Amino acid sequence: MSEADQLADDIIVNGFAIAESRLGVSVLDRLRCIPTEQLASSAVGATRTSSDGGNARVRLMPDCPDLWPLHQDQLLLTVTARVLRNPFALKYLQSRTVHSGSACQTLHMDCDVGTGAGKLLAFIWMLDSFDTNNGATQFIPGSHRSSPAGPPMLAIGPAGSLIIYDRAVLHGYTPNQSNADRRSIQGGFDPTAP
Ligand SMILES: O=C(O)CCC(=O)C(=O)O
């Protein structure tokens, strides 16, 4: 089975999948050095901090060439095509920083209740490693199919790893108990046809 088939299967069954160390080292190093303001949209409200102050989101400009590798990655596009089985387009791209000391995020879906599995996809690029104590994302496997299968699973991996998930799966970041912020760039794909 190809890597894309395996990842697509994992998303269909569990709601999420991880491709470890997917981003080239030079691309990752460059992205980690660019100030977020240089990639940020100038739109009003592009920067948002959660009500508890635990995380900050900044809407990014997908046209920025430094960001292309993140939403034009061939494996990401292939897996998305297999899961959605319909033409799709990038709906949003944003950075998310989970601050040192932040509490656990409430488990949630990134879509309306009743959307169902296989309709909307999202991805998270790890700019820092996600590990057991720095706010890695947790997922409830099977919850996108209304069939939760076991305890939460932590999506951990080295910096440059890629998480792809069904936006109907329950997920959220865990507490960041480390002394450093945990950075990522995240996006979502929506079908282009109704
Ligand atoms: O950054 C994370 O770990 C989770 C992000 C999240 O919950 C979301 O994008 O909806």
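How many other C-beta atoms lie within 10 Å of Pro 158? The count is 15, so Pro 158 is partly exposed. The close-ups below start from this residue.

The views show a predicted model, in which local features need a pLDDT of at least 70, side-chain atom pairs count only at pLDDT 80 or more, and totals for chains, interfaces and linings use all residues. Residues are numbered from 1 along each chain as its sequence is written.

**View 1. Pro 158 sits in the loop between β7 (153-155) and β8.**
Strands (E, at least two residues) and helices (H or I, at least four) are DSSP runs, numbered from the N terminus. A residue is buried with 20 or more other C-beta atoms within 10 Å of its own, exposed with 12 or fewer, and partly exposed in between, with C-beta atoms placed from the backbone. Pro 158 has 15 such neighbours and counts as partly exposed. Leave aside its neighbours within four places in sequence. Pro 158 is then in contact (C-beta atoms, placed from the backbone, within 7 Å) with Glu 20, Ser 21 and Ser 129. Now look at Met 126. It is 32 residues from Pro 158 along the chain, and their C-alpha atoms are separated by 7.5 Å.

**View 2. Ser 21, a contact of Pro 158, has a positive phi.**
Ser 21 lies in the loop between β1 and α2. Its phi is near 45 degrees, and Ser 21 is not a glycine. Ser 21 has 15 other C-beta atoms within 10 Å, so it is partly exposed.

**View 3. Strand β8 is mostly covered.**
Five of the five residues of β8 are buried. Check both faces. On one side, Leu 162, Ile 164 and Asp 166 are buried. On the other side, Ile 163 and Tyr 165 are buried too. Strands pair if DSSP finds at least two bridges between them. β1 (residues 16-19) pairs with β8 in the antiparallel sense over four bridges. β5 pairs with β8 over five bridges, also in the antiparallel sense. Find Ile 163 in β8. Ile 18 stands opposite Ile 163, and so does Ile 124.

**View 4. Helix α5 (residues 74-84) has buried residues along one face.**
Pick out Leu 76, Val 79, Thr 80 and Val 83, the buried residues of α5. Seen down the axis, these residues fall within an arc (taken over the directions from the helix axis to the C-beta atoms) of 100 degrees, so they line one face of the helix. What do the buried residues of α5 pack against? Their partners are α1 (3-14), β4, β5 (121-126), β8 (162-166) and β10.

**View 5. Arg 85 comes just after α5.**
Arg 85 belongs to the loop between α5 and β4. Its phi is positive, about 55 degrees, although Arg 85 is not a glycine. Arg 85 has 11 other C-beta atoms within 10 Å, so it is exposed.

**View 6. β2 and β3 form a hairpin.**
β2 (residues 47-49) and β3 (residues 55-59) run antiparallel and are joined by three bridges. Arg 48 stands opposite Arg 57 in β3. Five residues lie between the two strands. In the turn, Gly 53 has a positive phi of about 75 degrees. β3 is also joined to β4 by five bridges, again antiparallel. Here the bridge partner of Asn 55 is Val 98 in β4.

**View 7. The shell around the ligand draws on several strands.**
A residue belongs here if its C-beta atom, placed from the backbone, lies within 6 Å of the ligand. The residues around the ligand are Arg 96, Val 98, Gln 105, Asp 110, Thr 137, His 171, Gly 172, Tyr 173, Ser 184 and Gln 186. β4 (88-98), β9 (171-173) and β10 (182-191) each give two or more residues to the shell. Which element gives the most? β9 does, with three residues.

**View 8. Cys 33 lies in helix α2 (residues 25-33).**
Cys 33 has 7 C-beta neighbours inside 10 Å, so it counts as exposed. Compare its place with Gln 94. The two are 61 residues apart in sequence and 16 Å apart in space, C-alpha to C-alpha.

**View 9. The whole protein has five helices and 10 strands.**
Step back from the close-ups. The C-alpha atoms fill a box of roughly 35 × 35 × 35 Å, taken along the principal axes. Of the 194 residues, 37% count as buried. Take contacts between residues at least 6 apart in sequence. Of these, 82% join residues at least 24 apart.

Key. Contact = placed C-beta atoms within 7 Å.
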